[in-house]
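Work through the following exercises with the sequence and the 3D structure open beside you. Try each task before reading its solution.

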Amino acid sequence: MFIHRLEEHSWLKLLTMEDAESLFALIDSCRPHLRQWLPWVDSTQTAADSKTFIFQGLQKFAAGNGFEAGIWHRGQLAGVIGIHYMDRVNRKTSIGYWLGESFQGIGLMTKACKACIDYLFVEQGMNRVEIRCATENRRSRAIPERLGFTNEGTIRDAEWLYDHFVDHVVYGMLAREWKKCE
């Protein structure tokens with residue numbers, strides 16, 4: 001089981017089937033907030049949908065190809081951070097994340113991202129980590145900027161978000177650059 005303590009009252013833990021109800025409740029509690037930036041909110045209608053997401057994440061973890069971890073704060077599920085497909089040939093991957101509205105602004109996501117990036121560079125031998133964010137999503141963009149990622153450009157119309165396209169900013173970090181940030 002993957003568990004990583006971020007600070008005294010916060011940790012990352014691989015999502016398991018037992019977390020499906022908590023995950024669904026968190027999503028359901030802040031739908032309008034999440035829907036601004038995430039295309040899967042409307043299709044997550046029941047705890048069974050959360051179970052499907054968790055099952056896929058566990059398969060990914062078992063295959064050594066990333067994971068979906070819950071971000072826990074004071075015993076409550078606060079959000080999710082995921083390591084996407086790990087391209088082992090080119091030693092690169094990307095990170096995606098979201099937090100429940102009431103858990104923002106306390107440094108949880110920055111700490112969670114830092115822990116995942118350390119894991120990817122040190123334990124998994126990755127050379128490159130990307131984070132892509134909608135150009136207008138200032139809170140999401142603040143994370144890679146705070147962590148010293150390089151803004152590598154904008155992909156126009158990168159994602160269909162319910163009724164419109166959004167552009168994405170691509171942020172990149174290389175292993176040799178990360179070592180300098182430490």
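**Exercise 1. The turn between β3 and β4**

Task: Find Arg74, which sits in the loop between β3 and β4, and describe its surroundings and its backbone.

Solution. Keep in mind from the start that this model is predicted.

Step 1: Decide whether Arg74 is buried or exposed. A residue is called exposed when its relative accessible area is over 50%. The value for Arg74 is 57%, so Arg74 counts as exposed.

Step 2: Look at the backbone. Most residues other than glycine have a negative phi. Arg74 is not a glycine, yet its phi is positive, at about 50 degrees.

Step 3: Place Arg74 in its setting. Strands β3 and β4 form a hairpin with two residues between them, and Arg74 belongs to that turn.

Step 4: Follow the two strands away from the turn. β3 covers residues 67–73 and runs antiparallel to β4, with seven bridges joining them. His73 stands opposite Gln76 of β4, and Phe67 has Ile83 of β4 as its bridge partner.

**Exercise 2. The order of the sheet**

Task: Write down the order of the strands in the sheet and identify its edges.

Solution.

Step 1: The sheet is open and has eight strands, in the order β1-β2-β3-β4-β5-β6-β8-β7. Its pairing is mixed.

Step 2: Go to the two ends of that order. β1 (3–7) and β7 (150–160) each have a single partner strand, so one side of each has no neighbour in the sheet.

Step 3: Note the twist. On average, neighbouring strands are turned by 25 degrees against each other, direction ignored.

Step 4: See where the mixed pairing comes from by taking two pairs in turn. β4 and β5 are antiparallel and joined by five bridges; within this pair, Gly82 has Gly96 of β5 as its bridge partner. β5 and β6, by contrast, pair in the parallel sense over four bridges, and here Ile95 stands opposite Ile131 of β6.

Step 5: Check how enclosed two of the strands are. In β4, seven of the eight residues are buried, so β4 is largely enclosed by the rest of the structure. In β6 (residues 128–134), six of the seven residues are buried, so this strand too is largely enclosed.

**Exercise 3. The two faces of α1**

Task: Sort residues of helix α1 by burial and say what covers its buried side.

Solution.

Step 1: α1 spans residues 20–29, and its buried residues are Ala20, Leu23, Phe24, Leu26 and Ile27.

Step 2: Why do these residues line one face of the helix? Seen down the axis of α1, they fall within an arc of 160 degrees, so they share one face.

Step 3: The face turned away from the buried side carries the exposed residues Glu21 and Ser29.

Step 4: The cover over the buried residues includes α2 (31–35), α3 (47–62), β4 (76–83) and β5 (92–99). α1 lies across β4 and β5, at about 95 degrees to β4. α3 also packs on the sheet, where it touches β2 (10–14), β3 and β4, and its direction makes about 115 degrees with that of β3.

**Exercise 4. The contact of α1 with α3**

Task: Describe how α1 and α3 cross and which residues meet.

Solution.

Step 1: The two axes come within 8 Å and cross at roughly 115 degrees. The crossing is right-handed.

Step 2: From α1, the contact uses Ala20, Glu21, Leu23, Phe24 and Ile27; from α3, it uses Ala47, Ser50, Lys51, Phe53 and Ile54.

Step 3: Sort these residues by type. Seven are nonpolar, one is polar and two are charged.

**Exercise 5. Two further residues**

Task: Characterise Asp42 and Asp157 by location and exposure.

Solution.

Step 1: Asp42 lies in the loop between α2 and α3. Its relative accessible area is 35%, which makes Asp42 partly exposed.

Step 2: Leaving aside neighbours within four places in sequence, Asp42 is in contact with Arg31, Arg35 and Tyr162.

Step 3: Asp157 is located in strand β7. At 46% relative accessibility, Asp157 counts as partly exposed.

Step 4: Asp157 is not a glycine, but its phi is positive, at about 45 degrees.

How values were computed:
Residues are numbered from 1 along each chain as its sequence is written. This is a predicted model: local features need pLDDT of at least 70, side-chain atom pairs count only at pLDDT 80 or more; totals for chains, interfaces and linings use all residues. Side-chain values use heavy atoms; hydrogens and water are left out. Buried means under 20% relative accessible area, exposed over 50%, partly exposed in between (1.4 Å probe, protein chains only). The arc is that of the directions from the helix axis to the C-beta atoms. Contact means heavy atoms within 4.5 Å. Two strands pair if DSSP finds at least two bridges between them. Axes are lines fitted to C-alpha atoms, for helices over the stretch in contact, and angles run from 0 to 180 degrees between N-to-C directions. A crossing is left-handed if the near helix is turned anticlockwise from the far one by less than a right angle, and right-handed if clockwise. Ala, Val, Leu, Ile, Met, Phe, Trp, Tyr, Cys and Pro count as nonpolar, Asp, Glu, Lys and Arg as charged, and the others, Gly among them, as polar.
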